[in-house]
Amino acid sequence: MKFIWDAKYSVGIKSIDHQHQKFFEICNEIDFLIHRGQTDQNSLNKIIRELFAYAEDHMTFEEKYFKEFNYPDAQTHIAAHDFFRQKVKQLHDATEIADFARDWLSGHILAVDQKFSQFFIVHDLK
Ligand SMILES: [Fe+2]
Ligand SMILES: [Fe+2]
């Protein structure tokens with residue numbers, strides 16, 4: 001299912017919103033490739049590796065600032081990222097991976113990332 005960005009997903013920090021949008025775009029691209037139906041396994045594997053690498057970069061980015069700013073909720077937040085890291089490795093089918101990544105990210109932004117919004121803004125993260 002195609003993900004459509006909405007203002008409620010904004011955490012008010014440009015760099016992080018941009019990363020979330022790119023993360024969703026990769027999920028949409030996997031869906032697009034699958035539904036086009038003429039996709040070979042190589043292109044799918046390539047974009048799935050891209051999704052994993054991008055997700056990892058993004059989570060590491062947030063975690064770097066938790067440490068730098070001494071974010072009080074860091075442990076719980078990192079545990080939520082670790083759940084994604086573990087779970088996504090257990091999936092093999094491209095549709096399942098894209099569905100899981102999109103659903104996890106949209107839920108995670110609203111329930112978990114939104115909690116650092118004010119804290120990061122106060123620390124002047126752009
Ligand atoms: Fe995030
Ligand atoms: Fe996060």
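Student: Where does Cys 27 lie in this predicted model?

Tutor: In this predicted model, Cys 27 lies in helix 1.

Student: What makes Cys 27 count as buried or exposed?

Tutor: Cys 27 has 25 C-beta neighbours inside 10 Å. A residue is buried if 20 or more other C-beta atoms lie within that distance, therefore Cys 27 counts as buried.

Student: Which residues does Cys 27 touch, not counting residues up to four places away in sequence?

Tutor: Cys 27 touches Phe 3, Leu 51, Ala 98, Ala 101 and Arg 102. In addition, the C-alpha atoms of Cys 27 and Ile 97 are separated by 8.4 Å, although these two residues are 70 residues apart along the chain.

Student: Which residues of the largest nonpolar core touch the most other members?

Tutor: That core has 21 residues, of which Cys 27, Ile 30, Leu 51 and Ala 101 touch the most other members. Helix 1 (14–36), helix 2 and helix 4 each supply at least two residues of this core. Leu 51 itself touches Ile 26, Cys 27, Ile 30 and Ala 101, leaving aside residues up to four places away in sequence.

Student: Why is helix 1 described as roughly parallel or roughly antiparallel to helix 2?

Tutor: Helix 1 and helix 2 pack at an angle of about 165°, with their axes 10 Å apart. Angles over 145 degrees count as roughly antiparallel, so helix 1 is roughly antiparallel to helix 2. The crossing of helix 1 with helix 2 is left-handed.

Student: Which residues meet in the contact of helix 1 with helix 2, and how do they divide by class?

Tutor: From helix 1, the residues are Gln 19, Lys 22, Phe 23, Ile 26, Cys 27, Glu 29, Ile 30 and Leu 33. They meet helix 2 residues including Leu 44, Ile 48, Leu 51, Tyr 54 and Phe 61. The residues of this contact divide into 12 nonpolar, 3 polar and 3 charged.

Student: What makes helix 2 roughly parallel or roughly antiparallel to helix 4?

Tutor: The axes of helix 2 (residues 41–69) and helix 4 (residues 94–111) come within 11 Å and cross at roughly 25°. Angles under 35 degrees count as roughly parallel, and helix 2 is therefore roughly parallel to helix 4. The crossing of helix 2 and helix 4 is left-handed.

Student: Which residues form the contact of helix 2 with helix 4, and of what class are they?

Tutor: Leu 44, Ile 48, Leu 51 and Ala 55 in helix 2 meet Ala 94, Ile 97 and Ala 101 in helix 4. By class, the contact of helix 2 with helix 4 has 7 nonpolar, no polar and no charged residues.

Student: Why is helix 3 called roughly parallel or roughly antiparallel to helix 4?

Tutor: The axes of helix 3 and helix 4 cross at roughly 175° and come within 11 Å. The cut-off for roughly antiparallel is an angle over 145 degrees, so helix 3 is roughly antiparallel to helix 4. In this contact, Ala 80, Phe 84, Lys 87 and Val 88 in helix 3 meet Ile 97, Phe 100, Ala 101, Trp 104 and His 108 in helix 4. The contact of helix 3 with helix 4 has 7 nonpolar, 1 polar and 1 charged residues.

Student: Why does Tyr 65 count as buried, exposed or partly exposed?

Tutor: Tyr 65, in helix 2, has 19 C-beta neighbours inside 10 Å. A residue is buried at 20 or more and exposed at 12 or fewer, so Tyr 65 counts as partly exposed. Tyr 65 touches Phe 120 and Leu 125, not counting residues up to four places away in sequence.

Student: How do you know whether Pro 72 is buried or exposed?

Tutor: Pro 72 is placed in the loop between helix 2 and helix 3. Because 12 or fewer other C-beta atoms within 10 Å make a residue exposed, Pro 72, with 12, is exposed. The C-alpha atoms of Pro 72 and Phe 119 are separated by 9.6 Å.

Student: What is the phi of Asn 70, and what makes this residue count as buried or exposed?

Tutor: Phi of Asn 70 is near 55°, a positive value in a residue other than glycine. Most residues other than glycine have a negative phi. Asn 70 is found in the loop between helix 2 and helix 3 (74–90). Asn 70 has 10 C-beta neighbours inside 10 Å and therefore counts as exposed.

Technical notes
Residues are numbered from 1 along each chain as its sequence is written. Chains are lettered from A and ligands numbered from 1 in the order in which they are written. This is a predicted model: local features need pLDDT of at least 70, side-chain atom pairs count only at pLDDT 80 or more; totals for chains, interfaces and linings use all residues. Axes are lines fitted to C-alpha atoms, for helices over the stretch in contact, and angles run from 0 to 180 degrees between N-to-C directions. Helices (H or I, at least four residues) and strands (E, at least two) are DSSP runs, numbered from the N terminus. Angles under 35 degrees count as roughly parallel, over 145 as roughly antiparallel, 65 to 115 as roughly perpendicular and the rest as oblique. A crossing is left-handed if the near helix is turned anticlockwise from the far one by less than a right angle, and right-handed if clockwise. Two residues are in contact if their C-beta atoms, placed from the backbone, lie within 7 Å. Ala, Val, Leu, Ile, Met, Phe, Trp, Tyr, Cys and Pro count as nonpolar, Asp, Glu, Lys and Arg as charged, and the others, Gly among them, as polar. A nonpolar core is a set of buried Ala, Val, Leu, Ile, Met, Phe, Trp, Tyr and Cys residues joined through C-beta atoms within 7 Å.
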